[in-house]
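Visitor: Please take one part of this model and walk me through it closely. I would like to hear how the strands are arranged and what packs on them.

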Amino acid sequence: MGSYSASAQHLVDEMRAVALAEPGRGLSFQGAPGANSDLAAREYDPNSLPMPCYAFEDAIDAVREGRVDRAIIPIENSLHGRVADIHFLLPESGLSIVGEHFLPIRYGLMSRDLGPVTRAMSHEQALGQCRHWLRANNIAPVAHSDTAGAAAWVADSDEVGLAALAPPHAAELYGLTLHGTGMEDADHNTTRFVVLAREPLADFAAIPGPLMTTFMFEVKNIPAALYKALGGFATNGVNMTKLESYQTGDSFAATKFYADIVGAPGDERIDRALEELDFQTKSLRLLGTYAQARTRP
């Protein structure tokens with residue numbers, strides 16, 4: 001487990017103690033207090049007790065080991081694509097997706113004073129989402145494990161010209177001066193989060209609104225493998241809203257895919273499509289069925 005800077009550590013200790021005292025309300029996230037994941041946790045479930053964790057693995061382990069009931073994890077951003085390593089961590093975690101949340105992302109530039117800024121520290125995803133603004137203002141990016149954690153680091157640093165890119169309210173949280181907001185490169189900047197639990201949702205009929213099912217599969221190393229694997233979704237009229245490929249190991253041959261479809265097992269169309277997929281692939285793993293937070297077309 002990594003460590004937080006001094007300005008963040010006392011807040012981390014307080015939040016952890018509260019969440020661990022009520023595991024049923026505990027909702028672990030990666031980052032320091034005030035991070036986008038902290039905001040997402042509070043928006044997703046205002047009754048939750050967000051618990052900061054230094055790394056994604058720590059947030060997931062907190063659920064696996066029963067210290068809290070759920071974790072909220074970012075998986076993709078509208079500007080910068082998928083979050084690194086999440087496609088590897090999800091299937092290995094043994095947890096199930098039980099919800100999703102979309103968070104509009106806004107950044108502020110903050111430092112100890114209003115002096116000129118030459119370097120901006122933040123999570124690599126945040127730096128990528130603000131890369132055009134940083135380049136236009138001749139500010140060098142500096143990678144950190146977390147957005148709010150970068151703000152806490154800056155608060156504890158005496159480096160001249162160093163600032164943080166973080167959610168604007170982090171400036172007040174860590175006693176920094178806010179230079180301005182709106183550094184993100186597009187107004188539509190949004191991150192999708194998934195909520196993980198030890199057990200999947202079972203009663204799909206009781207879930208309000210349209211449903212989403214997420215799964216991963218590995219194709220056979222034969223010609224037209226992906227075409228054959230996906231044929232059942234087309235013939236059964238199942239809407240696939242996301243399909244991403246990624247490699248595991250060093251063979252460069254075994255391609256795995258992450259997919260989202262609209263609907264849930266129990267629907268005859270979904271069952272037929274998944275049965276065909278299972279027949280045509282080397283492996284298939286359902287990661288969860290849950291309510292859509294945003295209706296897909």
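Guide: Here is a close look at one sheet, followed by a short stop at a loop. The model is predicted. The sheet is open and has five strands. Their order is β8-β7-β9-β6-β10, and the pairing is mixed. Two strands stand at the edges: β8, residues 140-144, and β10, residues 177-181. Each has a single partner strand, so one side of each is left without a neighbour in the sheet. From one strand to the next, the twist averages 30°.

Now take one pair inside that order. Strand β6 covers residues 108-111, and strand β9 covers residues 162-166. They pair in the antiparallel sense, over three bridges. Gly 108 has Ala 166 in β9 as its bridge partner.

Next, the helix. Helix α7 spans residues 147-156. It lies across β6, β7, β8 and β9, where β7 is residues 119-123. Relative to β9, helix α7 runs at about 155°.

Last, the loop. Pro 23 sits between α1, residues 6-21, and β1, residues 26-30. Is Pro 23 buried or exposed? Neither label applies: its relative accessible area is 30%, and partly exposed means between the 20% and 50% limits. Which residues does Pro 23 touch, leaving out those up to four places away in sequence? They are Gly 66, Arg 67, Val 68 and Asp 69. Arg 67 is 44 residues from Pro 23 along the chain, yet their C-alpha atoms are separated by 5.9 Å.

Note on methods. Residues numbered from 1 in each chain as written. Predicted model: local features only at pLDDT ≥ 70, side-chain atom pairs only at ≥ 80, totals over all residues. Heavy atoms only, no water. Pairing = 2+ DSSP bridges. Helix = DSSP H or I, 4+ residues; strand = E, 2+ residues; numbered from the N terminus. Axes fitted to C-alpha atoms, helices over the stretch in contact; angles between N-to-C directions. Contact = heavy atoms within 4.5 Å. Buried < 20%, exposed > 50% of the residue type's maximum accessible area, 1.4 Å probe, protein only.
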